[in-house]
Amino acid sequence: METELLREWKKKLAPRLSAITGVNGIGIGLIGLKINIEQEDKKVRDSIDEVFEQECPDVPFVVKVVGKITKSR
């Protein structure tokens, strides 16, 4: 999928995905969007799946557990 199209989808989906507790990042990966989550959680994954099913079922995405992200000083 083209990078520009993925950028558009990222911008459109970011508010809904960021509102899911446990999601701590949204990016563009090699084949689609990349959703980072704090820890493995079925409820979080189900919520992410629901967003994609409702908004863009043809957009590929991966979910990656990255842990808690904190700001460095």
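Here are some worked exercises on the predicted model shown above.

## Exercise 1: The overall fold

**Task.** Work out how many helices and strands the protein chain has, and in which pattern they follow one another.

**Solution.**
1. Start by counting elements: the protein chain holds two helices and three strands.
2. Next, walk along the sequence, and the pattern α-β-β-α-β appears.
3. Now compare the chain with the globule rule: its radius of gyration is 12 Å, close to the 11 Å given for 73 residues, so the chain is as compact as a globular protein of that length.
4. For the dimensions, take the principal axes, along which the C-alpha trace spans about 35 × 30 × 20 Å.

## Exercise 2: Surface, contacts and charges

**Task.** Find what share of the 73 residues counts as buried, then describe the surface, the contacts and the charges of the chain.

**Solution.**
1. Buried residues make up 30% of the 73 in the protein chain.
2. Turn to the surface: about 5,200 Å² is exposed, and carbon and sulfur atoms supply 49% of that area.
3. For the contacts, consider those with a separation of 6 or more; residues 24 or more positions apart account for 56% of them.
4. Finish with the charges: the chain has 13 positive and 12 negative ones, and their mean positions lie 10 Å apart.

## Exercise 3: A salt bridge between helices

**Task.** Identify the residue that forms a salt bridge with lysine 12, and explain which parts of the chain the pair ties together.

**Solution.**
1. A search of the whole structure gives five salt bridges.
2. In one of them the partner of lysine 12 is glutamate 55, with 3.7 Å between the closest N and O atoms. The cut-off for a salt bridge is 4 Å, so this pair qualifies.
3. Place both residues: lysine 12 belongs to helix α1 (residues 3–18) and glutamate 55 to helix α2 (residues 42–55), so the bridge ties together parts that are 43 residues apart in sequence.
4. Check the accessibility of each partner. Glutamate 55 is partly exposed at 27%, and lysine 12 is also partly exposed, at 48%.
5. Finally, look for further links: Lys12, Arg16 and Glu55 are joined in a network of salt bridges.

## Exercise 4: Two salt bridges involving helix α2

**Task.** Find the salt-bridge partners of arginine 45 and lysine 42, and work out how lysine 42 and its partner are spaced in helix α2.

**Solution.**
1. Arginine 45 meets glutamate 40, at an N to O distance of 2.6 Å. Arginine 45 has a relative accessible area of 28%, which makes it partly exposed.
2. Lysine 42 pairs with aspartate 46, and here the N to O distance is 2.8 Å.
3. Lysine 42 and aspartate 46 are four residues apart in helix α2, so about one helical turn separates them.
4. Compare their accessibility: lysine 42 is exposed at 60%, whereas aspartate 46 is partly exposed at 37%.

## Exercise 5: Two residues of strand β2

**Task.** Decide whether asparagine 36 is buried or partly exposed, do likewise for lysine 34, and list what each residue touches beyond its sequence neighbours.

**Solution.**
1. Asparagine 36 sits in strand β2 (residues 33–37), and lysine 34 has its place in strand β2 as well.
2. The relative accessibility of asparagine 36 is 14%; the cut-off for buried is under 20%, so this residue counts as buried.
3. Lysine 34, at 30%, is partly exposed.
4. Leave out neighbours within four places in sequence, and asparagine 36 contacts Gly22, Val23, Asn24, Gly25, Lys64 and Val66.
5. With the neighbours up to four places away set aside, lysine 34 touches Gly25, Ile26, Gly27, Gly29 and Val62.

## Exercise 6: Sequence separation and distance in space

**Task.** Find how far apart in space the C-alpha atoms are for lysine 34 and phenylalanine 61, glycine 29 and phenylalanine 61, and lysine 43 and leucine 30.

**Solution.**
1. Lysine 34 and phenylalanine 61 are 27 residues apart along the chain, with 5.6 Å between their C-alpha atoms.
2. Glycine 29, a partly exposed residue at 27%, lies in the loop between β1 (23–28) and β2. Its separation from phenylalanine 61 is 32 residues in sequence and 8.1 Å in space.
3. Lysine 43 belongs to helix α2 and is exposed at 66%. Leucine 30 is 13 residues away from lysine 43 in sequence, but 25 Å away in space.

Technical notes. Residues numbered from 1 in each chain as written. Predicted model: local features only at pLDDT ≥ 70, side-chain atom pairs only at ≥ 80, totals over all residues. Heavy atoms only, no water. Salt bridge = Lys/Arg side-chain N within 4 Å of Asp/Glu carboxyl O. Buried < 20%, exposed > 50% of the residue type's maximum accessible area, 1.4 Å probe, protein only. Rg over C-alpha atoms; globule rule 2.2 N^0.38 Å. Contact = heavy atoms within 4.5 Å. Areas by Shrake-Rupley, 256 points an atom, 1.4 Å probe, with all protein chains shown as cover. Lys, Arg positive; Asp, Glu negative; His and termini not counted. Charge placed at Lys NZ, Arg CZ, Asp CG, Glu CD.
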